[in-house]
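Q: I would like a close look at a single part of this model, worked through slowly and tied back to the rest of the chain. Please keep to what can be read from the atoms.

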Amino acid sequence: MAHWEMIATMIHQCMSGATCEELTAAGLDGYYTMHDHGIFPCDPNGVPFTTAYIACTGDPIADLSEDMAAEQKARATYEHLMNMTSNSQIIEPLYFLREREVVHYQRFGECLEIIQNKLGTRSCCSCRNRRRR
């Protein structure tokens with residue numbers, strides 16, 4: 001969520017002082033109609049954010065793999081945003097966020113390797129082990 005707060009701040013700064021005509025020219029008239037200059041988390045198509053996007057299976061290998069994929073998707077998104085501007089005040093925080101995604105991906109990968117080595121073919125959940133007895 002901290003990443004979202006940084007992105008929302010940049011969006012707010014970019015929209016600050018924008019007229020209705022400028023927002024309409026940018027294709028944001030529908031967004032303005034619903035949210036004025038406020039920041040509402042949604043994708044570029046206007047689909048609102050929902051926690052349904054957050055996956056959790058309870059399986060550490062599946063969940064860590066999902067986390068790693070999310071880090072790569074975020075990294076790619078920041079790179080796409082960086083390609084869309086030459087404004088250093090936008091690029092610098094995006095670069096910082098992108099680098100954090102790279103580090104997070106690496107740390108999740110290290111955790112995944114540890115879990116895979118620890119689990120081997122054993123179940124990680126003691127309640128599943130109890131049922132087998």
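Which residue caps the N-terminal end of α5, and through which atoms? Please go on from there along the helix and to the places it touches.

A: The model is a predicted one, and the description that follows should be read in that light. The N-terminal end of α5 is capped by N87, which has a side-chain oxygen lying 2.7 Å from the backbone nitrogen of Q89.

The helix that begins there, α5, runs over residues 88–119. Its 32 residues, taken at 1.5 Å each, should span 46 Å, and because the C-alpha atoms at its two ends are in fact 46 Å apart, the expected and the computed spans agree. Just after α5, G120 adopts a positive phi of about 55 degrees. A positive phi also occurs elsewhere in the chain, at D36, where the value is near 55 degrees although the residue is not a glycine. D36 belongs to the loop between α3 and α4, and with 42% relative accessibility it counts as partly exposed.

For context, the chain holds 6 helices and 0 strands, in the order α-α-α-α-α-α along the sequence. Of its 133 residues, 17% are buried. Among contacts with a separation of 6 or more, 56% are between residues 24 or more positions apart. The chain exposes about 9600 Å², of which carbon and sulfur atoms supply 57%.

Back in α5, the buried residues are I90, L94, L97, R98, E101, L112 and L119, a list that holds charged side chains as well as leucines and an isoleucine. For R98 the relative accessible area is 16%, and R98 is classed as buried because the cut-off lies at under 20%. P93, also in helix α5, is by contrast partly exposed, with a relative accessible area of 21%. Once its neighbours within four places in sequence are left aside, P93 is in contact with M10 and S88. Its C-alpha atom is 9.7 Å from that of M82, a residue 11 places away in sequence.

The salt bridges give a further way to follow this helix, and the structure holds 4 of them. One joins R98 to E79, with 3.3 Å between the closest N and O atoms. This pair links distant parts of the chain, since R98 sits in helix α5 and E79 in helix α4, 19 residues apart. On the α4 side, E79 is partly exposed at 25% relative accessibility, whereas its partner R98 is buried. E79 also meets the side chain of R75 in a salt bridge, at 2.8 Å from N to O. R75 and E79 are 4 residues apart in helix α4 and are therefore separated by about one helical turn. As a general point, an α-helix has 3.6 residues a turn, so residues three or four places apart point the same way.

Further along α5, R107 and E110 form another salt bridge, their closest N and O atoms being 2.9 Å apart. Both residues lie in helix α5, 3 residues apart, or about one turn of the helix. R107 is partly exposed, with a relative accessible area of 39%, and E110 is likewise partly exposed, at 40%. Salt bridges that share partners, in turn, join R75, E79, R98 and E99 into one network.

Two places outside α5 complete the picture, and the first is in the helix that carries R75 and E79. D63 is placed in helix α4, and it counts as buried at 15% relative accessibility. Setting aside its neighbours within four places in sequence, D63 is in contact with A55, C56, T57 and G58.

The second place is a nonpolar surface patch of about 400 Å², made by V47, F49, Y53 and I54. V47 lies in the loop between α3, residues 29–35, and α4, residues 60–83, which is also the loop where D36 is found. With a relative accessible area of 39%, V47 is partly exposed.

Definitions and conventions:
Residues are numbered from 1 along each chain as its sequence is written. This is a predicted model: local features need pLDDT of at least 70, side-chain atom pairs count only at pLDDT 80 or more; totals for chains, interfaces and linings use all residues. Side-chain values use heavy atoms; hydrogens and water are left out. Patches are made of residues with over 30% relative accessible area and no salt bridge: like charges are joined within 9 Å, nonpolar side chains (Val, Leu, Ile, Met, Phe, Trp, Tyr) within 5 Å. Accessible areas come from the Shrake-Rupley method with a 1.4 Å probe; for residues, only the protein chains shown count as cover. Buried means under 20% relative accessible area, exposed over 50%, partly exposed in between (1.4 Å probe, protein chains only). The expected span of a helix is 1.5 Å times one less than its number of residues. A polar contact is a pair of N or O atoms within 3.5 Å; within protein, one must be able to donate a hydrogen and the other to accept it, and residues adjacent in sequence count only if both atoms are side-chain atoms. Contact means heavy atoms within 4.5 Å.
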